[in-house]
Amino acid sequence: MPENALICLWPVEKYSDNAPYKTDLKLADETPIAFVYNSIPYAVMMATPHNIEDYAYGFSITERIVGHASAIRTLKIDEASDGLTVNLTLQGEDFKKLLHSRRAMTGRTGCGVCGTDDLESLHTNLPKVAPHTPASLAAIRTALANLAAQQTLNAQVHMVHAAAWCLPNGTIPLIREDVGRHNALDKLIGAGLRQQANFTEGFCVITSRCSYEMVQKAILAGFTTLVAISAPTARALRLAQEAGLTVVALARHNAQYVFTGSIAE
């Protein structure tokens, strides 16, 4: 989808120390995205309408609908005036699993566990983080210093989240943005899967708080270290400890807090 379809101009009247004046502000849009697997509706999520293929792959993995990208046989996006429908076809065994985990409601913007209809499903076993070399403090600070320059959509609208995969030296080869923090991470994960990225190398940076669902998504994607601009929740940290995920949060260019795991100075 072209970039001009992602941004709308909204007329406003600005008040400041000077005389008020009328202008237009750029705003990011959000669109209902319906996920349909083997002709059966699964969920409707609100998201920024770009990188939808990445979103579909990442969403399917982090929802544990499929265990690997090759389980998605086909993907087709249908556009309508009221949103997008992503039609996916799955292998037989994955589709059987899906029938036992369907969501019960429409998701809000980037909702992480909307529609989960029992508490037990929030405590399912997650894989352990792969053995890895700790991310370096220098690399984390390099990534944080360069992150804003790669948030091209946010530079225009000042309202979207980003999730970035960073290499061990701190460079950022892959970044995705969305109005929803969960969506941005799903898009990043999907993009990496489609490009066969090795997420066990380097680390992930998110511009949001580090909640339970964000940790869970990072673990399922294979990340070993998650760096968050905002604070983590205690539940997220307990989950990270169980799986062996390093969490660095309240991360700024000049100060970072290591909550779980370790980094190399």
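The following paragraphs describe the strands of a predicted model and the helices that pack around them.

The central element considered here is an open sheet of six strands, ordered E8-E7-E9-E10-E11-E12, with mixed pairing. Its edges are formed by E8 and by strand E12 (257-260), each of which pairs on one side only. From one strand to the next, the twist averages 20°. Helix H3 packs on this sheet, where it touches E7, E8, E9, E10 and E11, and its direction makes about 45° with that of E9. Helix H7 (234-243) lies across E11 and E12 and runs at about 65° to E12.

At one edge of the sheet, E7 and E8 run antiparallel and are joined by five bridges. Within this pair, Ala163 stands opposite Arg176 of E8, and Trp165 has Leu174 of E8 as its bridge partner. Although E8 is an edge strand, five of its five residues are buried. In a regular strand the side chains alternate between the two faces of the sheet. In E8, Leu174, Arg176 and Asp178 point one way, whereas Ile175 and Glu177 point the other way.

Helix H3 comprises 14 residues (137-150) and spans 20 Å from its first C-alpha to its last, close to the 20 Å expected at 1.5 Å a residue. A kink of about 25° is nevertheless present, centred on Leu144. Leu144 is also one of the buried residues of H3, together with Ala139, Ile140, Ala143 and Leu147. An α-helix has 3.6 residues a turn, so residues three or four places apart point the same way. The buried residues of H3 pack against strands E7 (161-166), E8 (174-178), E9 (203-206), E10 (225-228) and E11 (246-249).

Two further helices, H1 (52-62) and H5 (181-194), meet each other. Two packed helices are described by the angle between their axes and the distance between the axes. The axes of H1 and H5 come within 6 Å and cross at roughly 100°; the two helices are therefore roughly perpendicular to each other. On the H1 side, the residues involved are Glu53, Asp54, Tyr55, Tyr57, Gly58, Phe59, Ile61 and Thr62, and they meet Asn183, Asp186, Lys187, Ile189, Gly190, Ala191, Leu193 and Arg194 of H5.

Ala191 of H5 illustrates the surroundings of this helix. Its relative accessible area is 0%, and Ala191 is therefore buried, the cut-off being under 20%. Leaving aside neighbours within four places in sequence, the contacts of Ala191 are Asp54, Leu174 and Arg176. Asp54 belongs to H1, while Leu174 and Arg176 belong to E8. The C-alpha atoms of Ala191 and Leu174 are 7.9 Å apart, with their positions 17 residues apart along the chain given as their separation.

Helix H6 (212-221) is mostly covered, with 10 of its 10 residues buried. These include residues such as Glu213, Gln216 and Lys217, alongside Met214, Val215, Ile219 and Leu220. The cover over H6 includes H1, H5, E9, E10 and H7. H6 is followed by Gly222, whose phi is positive, near 100°.

A separate pairing involves strands E1 (7-14) and E2 (21-28), which run antiparallel and are joined by eight bridges. Six residues lie between the two strands, which form a hairpin. Within the hairpin, Trp10 stands opposite Leu25 of E2.

Key. Residues are numbered from 1 along each chain as its sequence is written. This is a predicted model: local features need pLDDT of at least 70, side-chain atom pairs count only at pLDDT 80 or more; totals for chains, interfaces and linings use all residues. Side-chain values use heavy atoms; hydrogens and water are left out. Helices (H or I, at least four residues) and strands (E, at least two) are DSSP runs, numbered from the N terminus. The expected span of a helix is 1.5 Å times one less than its number of residues. The bend at a residue is the angle between axes fitted to the seven residues ending there and the seven starting there. Buried means under 20% relative accessible area, exposed over 50%, partly exposed in between (1.4 Å probe, protein chains only). Contact means heavy atoms within 4.5 Å. Two strands pair if DSSP finds at least two bridges between them. Axes are lines fitted to C-alpha atoms, for helices over the stretch in contact, and angles run from 0 to 180 degrees between N-to-C directions. Angles under 35 degrees count as roughly parallel, over 145 as roughly antiparallel, 65 to 115 as roughly perpendicular and the rest as oblique.
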